[in-house]
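Here are my notes on this model, as numbered points. Please read them with the structure open.

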Amino acid sequence: MSDDELDEDFDEAFGDRPLPAPVFGAVDTPEGYRSGFACFVGRPNAGKSTLTNALVGQKIVITSDKPQTTRTVVRGIVHRPDGQLVLVDTPGLHRPRTLLGERLNDLVMSTWAEVDVVAVCFPADEKIGPGDRFIVNELAKARRTTKIAVATKTDLASPQRIAEHLLDIAALGEETKTEWAEVVPVSSVAGDQIELLSDVLIAQMPEGPPLYPDGDLTDAPEQVLVAELIREAALDGVRDELPHSIAVVVEEMLPREGRPEDKPLLDIHANLYVERDSQKGIVIGKKGARLRHVGTTARKQIESLLGTPVYLDLHVKIAKDWQRDPRQLRKLGF
């Protein structure tokens, strides 16, 4: 395939993907109702995506043990009788090695200035290090933003380790002249103190009506969510640089024609893009076994999300060095 053909392929696949704006409207809200935006930040793999899903009560953001797997800012929406939280899940801030990495960092920092609260995630099973200090020092530049510290993954640490971790978080605040409005230890997996964190975040929001209609859990388009679930399945079990080389595009999502109303089927056609021939072979696997496994895993997650049976058709294509190519990155929305 020529570069021009590849370029056209990406144009059709990605196009422009502006983030949808929240839905504002005049609604009757109780006195003292609060609504606003909160952002989770932290080192890669600090538990931000899992925490977002736990607060929303449903999986809307992919999770992986591979660092730097979040690439889009997906808004999760938490509905409560006393308020509404709009959670912005951002990529992990890191020392970038590619143009993609630089743009992901820019995305994080621009988000900080637009939200009401920034919650910094510090995993309790790891000691605070230079990466945490870098993030908190950068966050100090957002002077008007309320800052909360969240000790994540407490299910992986002993009570003594958690106590030491909380002291270290307080010391980091003093060292960087960062005033923590609250410090909250949580476990997204065990569900420990998730409701308390929700209370803390709501209390920091300004008074105002809901920003989204009741029942909405995210404002990400279904095709974006489906693409992310496919990418999550493709990330499972891969190593080295491959996780960062995978991009997924949903080409088409249409109900199967001629199906009875009580037996619908959604046809989804998607492409997995990698950067090299060798990576394509890894994703497909021996006699296509790995790609079939990815498809089966992703299909189950998609059916759970959309509540309808799905036929998932996956193909693997090569987009050479797309992480370092400004033209390709623009078409990916970065």
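1. Start with one pair. Leu 272 stands opposite Val 316, a residue of strand 9. Keep in mind that this is a predicted model.

2. The strands behind that pair come next. Strand 8 covers residues 266–274. Strand 8 pairs with strand 9 in the parallel sense, over nine bridges.

3. One helix packs on the sheet here: helix 9, residues 277–284. Helix 9 touches strand 8 and strand 9. The direction of helix 9 makes about 155° with that of strand 9.

4. Now the sheet as a whole. The sheet is open and has three strands, in the order 7-8-9. Its pairing is mixed. Strand 7 (247–255) and strand 9 (310–318) stand at the edges. Each has a single partner strand, so one side of each is left without a neighbour in the sheet. From one strand to the next, the twist averages 15°.

5. A further helix belongs in this picture. Helix 7, residues 222–235, lies across strand 7, strand 8 and strand 9. Helix 7 runs at about 130° to strand 7.

6. Then the overall fold content. The protein holds eleven helices and nine strands. Of its 334 residues, 51% are buried.

7. Which share of the contacts with a separation of 6 or more comes from residues 24 or more positions apart? The share is 74%.

8. Last, the surface. The accessible surface of the protein comes to about 16,500 Å². Carbon and sulfur atoms account for 49% of that area.

How values were computed: Residues numbered from 1 in each chain as written. Predicted model: local features only at pLDDT ≥ 70, side-chain atom pairs only at ≥ 80, totals over all residues. Heavy atoms only, no water. Helix = DSSP H or I, 4+ residues; strand = E, 2+ residues; numbered from the N terminus. Buried < 20%, exposed > 50% of the residue type's maximum accessible area, 1.4 Å probe, protein only. Contact = heavy atoms within 4.5 Å. Areas by Shrake-Rupley, 256 points an atom, 1.4 Å probe, with all protein chains shown as cover. Pairing = 2+ DSSP bridges. Axes fitted to C-alpha atoms, helices over the stretch in contact; angles between N-to-C directions.
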